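Hi,

Here is the structure I said I would pass on. Have a look at it first, and then read on for what turned up when I went through it.

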Amino acid sequence: DPGTFSSIPVKLPSYQLLNFYIEYKCLNGKIKGYIDAKNLLNKVYSEVYGYNALRFNINAGMNFIMVK
């Protein structure tokens, strides 16, 4: 209630996610490439009431270690 700022307990439905992560290291670990995919089944769910969580998303990148 915005007028009194009181809270009401809300039970959210349960959910399951399917995520995937893979990385590849080469040159003795000096170069690393990775792919991180989350919510592969594109489920709609909420961790906090009133705020939907991210749907399917993917991150990819590379890390380089440059030391003498």
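Let me start with strands 1 and 2, which pair in the antiparallel sense over 7 bridges. Strand 1 covers residues 20-26 and strand 2 covers residues 31-38. If you want a landmark for the register, take E23, which stands opposite Y34 in strand 2. One thing to keep in mind throughout: this is a predicted model.

The two strands form a hairpin, with 4 residues between them. Have a look at the backbone in that turn, where L27 has a positive phi of about 55°. N28 lies in the loop between strand 1 and strand 2 as well, and its phi is also positive, near 55°, in a residue other than glycine. As a reminder, most residues other than glycine have a negative phi. N28 is exposed, with a relative accessible area of 82%.

On the other side of the pairing story, strand 2 is joined to strand 5 by 8 bridges, and these two run antiparallel. Here the landmark is G33, which stands opposite M62 in strand 5. Put together, 3 strands make an open sheet in the order 1-2-5, with antiparallel pairing. Strand 1 and strand 5 (57-64) are the edge strands, each pairing on one side only. From one strand to the next, the twist averages 10°.

Two residues in this sheet are worth a click. Which residues does Y24, in strand 1, touch once its neighbours within four places in sequence are left aside? The contacts of Y24 are I31, K32 and G33. Y24 counts as exposed because its relative accessibility is 59%, and the cut-off for exposed is over 50%. Y24 is also a good place to see how the chain extends: I8 is 16 residues away in sequence, yet the two C-alpha atoms are 47 Å apart.

The other one is D36, in strand 2. Buried or exposed? D36 counts as buried, because its relative accessibility is 16% and buried means under 20%. Not counting residues up to four places away in sequence, D36 touches F20, Y21, N57, I58 and N59.

Next, the part of the chain between strands 2 and 5. N42 lies in the loop between strand 2 and strand 3. N42 has a positive phi of about 55°, although it is not a glycine. At 34% relative accessibility, N42 counts as partly exposed.

Strand 3 is residues 46-48, and S46 belongs to it. The side chain of S46 makes a polar contact with the side chain of N52, at 3.2 Å. Which other residues does S46 contact, beyond its neighbours within four places in sequence? Besides N52, the list for S46 has L12, Y15, Y51 and A53.

Between strand 3 and strand 4 (51-52) there is a loop that holds G50. G50 counts as exposed, at 65% relative accessibility. For a sense of distance, G50 and Y34 are 16 residues apart along the chain, and their C-alpha atoms are separated by 32 Å.

Finally, the chain as a whole. There are 5 strands and 0 helices, so read along the sequence the pattern is β-β-β-β-β, with strands taken as DSSP runs. The C-alpha trace spans about 60 × 30 × 15 Å along its principal axes. The radius of gyration is 20 Å, whereas a compact globule of 68 residues would have one near 11 Å. Buried residues make up 9% of the 68 residues. The accessible surface comes to about 6300 Å², and 60% of that belongs to carbon and sulfur atoms. As for contacts between residues at least 6 apart in sequence, 37% of them join residues at least 24 apart.

If you only open a few views, I would go for the hairpin turn with L27, the G33 and M62 pair across strands 2 and 5, and the side-chain contact between S46 and N52.

Cheers

Conventions. Residues are numbered from 1 along each chain as its sequence is written. This is a predicted model: local features need pLDDT of at least 70, side-chain atom pairs count only at pLDDT 80 or more; totals for chains, interfaces and linings use all residues. Side-chain values use heavy atoms; hydrogens and water are left out. Two strands pair if DSSP finds at least two bridges between them. Axes are lines fitted to C-alpha atoms, for helices over the stretch in contact, and angles run from 0 to 180 degrees between N-to-C directions. The radius of gyration is taken over C-alpha atoms; the globule rule is 2.2 Å times the number of residues to the power 0.38. Buried means under 20% relative accessible area, exposed over 50%, partly exposed in between (1.4 Å probe, protein chains only). Contact means heavy atoms within 4.5 Å. Accessible areas come from the Shrake-Rupley method with a 1.4 Å probe; for residues, only the protein chains shown count as cover. A polar contact is a pair of N or O atoms within 3.5 Å; within protein, one must be able to donate a hydrogen and the other to accept it, and residues adjacent in sequence count only if both atoms are side-chain atoms.
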